[in-house]
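This briefing goes through one protein chain by topic, beginning with a sheet and ending with the chain as a whole. Please keep the structure at hand while reading.

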Amino acid sequence: THAEIKEKSERTGVTLAEAETAMNDWQQRWESFSSQAAHPAREKEVQNARIKQINNQLQQLQQRRSRLDDEKKRLLVNVEQDSTSDLRKQLEKRLAACNELSESIDRLDSEITHVRQQIEQTSSSLNEAKVQQQHNTSRLETLRELQDAALGRNDQSLPQWLQQAGIADSKRVANAIQVEDGWETAVDRVLGSALKGICLGDQILPVNKLDSLAGKGATFFERKPASQQSDRKLLASRVISTDVDLNARLANIFIAEDVESAIAMRAGLSSESVIVTRDGTLVGHDWLSLTGGEEDEAGVMARQAEIEQLTVEQDDSRSQIEELAARFNVMQKQLSEKDALRRDSREQLNRETQKNNHDNAQLHRLEAQLDQVRARLAQVDNELKEIDEQVVHNQSELTTSDSLLRDASRNA
């Protein structure tokens, strides 16, 4: 550990300082003794003592050097077995995975926000479509009730008679014709109660059973081969039907945009001709009849056109509601899946982050320990250098002492 390494270093420094102090003290004593010793025998004794002391110091230095060499080998093994590199690579790899997870979570956040906005918009559109459908349904029911009353469908005697006569599937005139937009009121005014009439189509009217309908005001139309009226000045050109021929009923019925135009054009028509305007005003050779009055039956065709339009809208509305509901369910499923994926990603990111924190702390500990080892290794190298220098110095001193000893021996 760092403490043990520091303690060893301090002990080594103390030992080296003590050795240097002892050497200095001995050097001073030796110089003092040498200055006083003049006799060769004494010189021989002194040099023998000095040689012995130097050899002891060299032995101690060698032992100390051996211990430091062993320590250096252990330190080098620790450096070579450095595991921080693998741990650092592992951290970098996990950090990249965390970044990918974070980016994925950010994308999911954006996608979830977008899906929620779409869900809100779809929900709003769905609610609006349902409200509109309810409104149209209510309006359609009201119009049908009014139409049934206007066409006499509430009187069950005629339907019962038609059932008994085997022609119950016959259409009313109002249901059998199509009127060009804007001319419904004019057709209402001209045909009047005839709109309640029964279109026989290819069926034969049971004349022998008509007595039971006396007083019911029933009208029947047979289908005759007819061609579409091409004269755009006539009202018949604005009416289309394959189930009933109204050319005879609408003969000599001309059209005009307004009363002023009708009055202007009647001079060029025969006396039996009648002009009808868009708002249902009738203009004859020498007469004029405005719309209104308690017995006026105008509005049947306009109401029928609205019923048909609302019926088409209701079909479209049902399709739209089904489509919006299906889209809403799909987006709700997408939102649930994306929420679950984001939740799993966040949990995975938390786990990876915890592992990163643990490994990062471990990396810091290992790096600190490695720094301590490297510091101690540098200190050991410095101590070994000092020992080598001290050995060289002692060997030089030993050579000097050997030379002095030989001289003293010769002079003894």
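Strands β1 and β3, the latter covering residues 198–201, pair in the antiparallel sense over 2 bridges. The model in which this pairing appears is a predicted one, and the points below move from that sheet to a parallel strand pair, a long helix, the nonpolar cores and the chain totals.

**The open sheet**
- The pairing of β1 with β3 belongs to an open sheet of 3 strands, whose order is β1-β3-β4 and whose pairing is mixed.
- The edges of this sheet are formed by β1 (171–172) and β4 (220–222), each of which pairs on one side only.
- Within the antiparallel pair, R172 has I198 of β3 standing opposite to it.

**The parallel pair and its approach**
- Strands β6 and β7 run parallel and are joined by 4 bridges, and in this pairing I253 has V274 of β7 as its bridge partner.
- Together with helix α7, which spans residues 259–265, β6 and β7 make up a β-α-β unit that is right-handed.
- The side chains of β6 are divided between two directions, with I253 and I255 pointing one way and F254 and A256 the other, and all of these residues are buried.
- The loop between β5 (239–240) and β6 contains N252, which has a positive phi of about 65° although it is not a glycine.
- For context on that angle, most residues other than glycine have a negative phi.
- N252 counts as partly exposed because its relative accessibility is 35%, a value that lies between the 20% and 50% limits used for buried and exposed residues.

**Helix α3 and L126**
- Helix α3 has 67 residues and reaches 96 Å from its first C-alpha to its last, which is close to the 99 Å expected at 1.5 Å a residue.
- After α3 comes G152, a residue with a positive phi near 75°.
- L126 is found in α3, which covers residues 84–150, and it counts as buried because its relative accessible area is 9%, where the limit for buried is under 20%.
- Setting aside residues up to four places away in sequence, L126 touches I321, L324 and A325.
- The C-alpha atoms of L126 and E323 are 9.2 Å apart in space, although 197 residues separate the two in sequence.

**Nonpolar cores**
- The largest nonpolar core has 27 residues, and the members that touch the most other members are I177, V187, L191, L195, L235 and L246.
- Two or more residues of this core come from each of the elements α5 (173–176), α6 (184–191), β6 (253–256), β7 (274–277) and α8 (300–411).
- L246, one of those well-connected members, touches V173, I177, L191, F221 and V239 when residues up to four places away in sequence are not counted.
- A second core, separate from the one above, consists of 14 residues and includes I51, L58, L75 and L377.

**The chain as a whole**
- The protein chain contains 8 helices and 9 strands, and 33% of its 412 residues count as buried.
- Among contacts in the chain with a separation of 6 or more, 70% are accounted for by residues 24 or more positions apart.
- The accessible surface of the chain comes to about 25,200 Å², and 47% of this surface belongs to carbon and sulfur atoms.

Technical notes: Residues numbered from 1 in each chain as written. Predicted model: local features only at pLDDT ≥ 70, side-chain atom pairs only at ≥ 80, totals over all residues. Heavy atoms only, no water. Core = buried A, V, L, I, M, F, W, Y, C linked by side-chain atoms within 4.5 Å. Buried < 20%, exposed > 50% of the residue type's maximum accessible area, 1.4 Å probe, protein only. Contact = heavy atoms within 4.5 Å. Areas by Shrake-Rupley, 256 points an atom, 1.4 Å probe, with all protein chains shown as cover. Expected span 1.5 Å × (residues − 1). Pairing = 2+ DSSP bridges. Right-handed = clockwise from strand over helix to strand, strands pointing away.
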